[in-house]
Amino acid sequence: MATLLGFDFGTRKIGIAVGQTVTRSATPLTTLRNRQEKPDWPRIESLIREWQPEALVVGLPFNMDDTEVDWSGRVRRFARQLNGRFGLEVHLIDERLTSLEAQRLIAEGPATAKSTTPDAVDAFAAALILETWLCEQHQHLEGRRADR
């Protein structure tokens, strides 16, 4: 079983989730506010030390016409910085509509989910990003097995 951390990078805050490969599920952890327009590296480092992930997954935002959003370069830079700082493999995945889906899940969820803070949406979106990547990797592996 491998543990991974997922990130929903934003210019003001970053949602973070933890997941694992056996169940292909993820759980929202936290949302960190950026400090002076930079990621809160000490808190990210603390989470990486605590969870000891095998790899990291970062959502890459796309427009509905399949073009990258204008600030996706910042997301790619964040992914490179994660790799450089922590020496972990970083995977990018299309995160289109994850924040909207996270808002919907929170709104339709139990009362405890509805009482979460607005920042929780980012952590929920990170969980959706990570679960999407985990499921895609599983499908890829299953497809390779079927080809044998």
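In this predicted model, I44 makes a good way into the packing: leaving aside its neighbours within four places in sequence, I44 is in contact with F7, I16, L32, P39, F78, L82 and F86. Three of those names come back when the largest nonpolar core is listed, since F7, I44, F78 and L82 touch the most other members among its 19 residues. The core draws on strands and helices alike: β1 (3-9), β2 (13-20), α1 (41-51), β4 (55-60) and α2 (72-86) each supply at least two of its residues. Apart from this core lies another one, made of 12 residues, with A17, I93, A126 and I129 among them. As a general matter, nonpolar side chains in soluble globular proteins tend to be buried together.

Next comes the sheet. Its 5 strands run in the order β3-β2-β1-β4-β5, and the sheet is open with mixed pairing. That leaves β3 and β5 (89-94) at the edges, each pairing on one side only. From one strand to the next, the twist averages 25°. On one side of the order, β2 and β3 are antiparallel and share 8 bridges; I16, for instance, has T30 in β3 as its bridge partner. The hairpin of these two strands has 4 residues between them, and R24 there takes a positive phi near 55°. By contrast, β4 and β5 pair in the parallel sense, over 6 bridges, and V57 stands opposite H91 in β5.

Two helices pack on this sheet. Helix α1 touches β1, β2, β3 and β4, and its direction makes about 155° with that of β3. Helix α2 touches β1, β2, β4 and β5, with an angle of about 175° between its direction and that of β4.

Now for the charged pairs. Side chains of opposite charge can pair when their charged atoms come close, and a search of the whole structure turns up 4 salt bridges. One of them joins the side chains of K13 and D122 at 3.3 Å, N to O. K13 sits in strand β2 and D122 in helix α5 (residues 120-147), so this pair ties together parts that are 109 residues apart in sequence. Both ends are out of the way of solvent by the accessibility criterion: K13 is buried, with a relative accessible area of 16%, and D122 is buried too, at 11%.

Another salt bridge links the side chains of R35 and D40, at 3.1 Å from N to O. Here the two ends part company: R35 counts as partly exposed at 48% relative accessibility, whereas D40, at 6%, counts as buried. The side chains of R76 and E68 also meet in a salt bridge, with an N to O distance of 2.5 Å. R76 has a relative accessibility of 31% and counts as partly exposed; E68 is likewise partly exposed, at 31%.

One polar detail rounds this off. T31 has its place in strand β3 (residues 25-33), and at 16% relative accessibility T31 counts as buried. The side chain of T31 reaches the backbone nitrogen of A123 at 3.4 Å.

Technical notes: Residues numbered from 1 in each chain as written. Predicted model: local features only at pLDDT ≥ 70, side-chain atom pairs only at ≥ 80, totals over all residues. Heavy atoms only, no water. Core = buried A, V, L, I, M, F, W, Y, C linked by side-chain atoms within 4.5 Å. Buried < 20%, exposed > 50% of the residue type's maximum accessible area, 1.4 Å probe, protein only. Contact = heavy atoms within 4.5 Å. Polar contact = N/O pair within 3.5 Å; in protein donor to acceptor, adjacent residues only side chain to side chain. Pairing = 2+ DSSP bridges. Axes fitted to C-alpha atoms, helices over the stretch in contact; angles between N-to-C directions.
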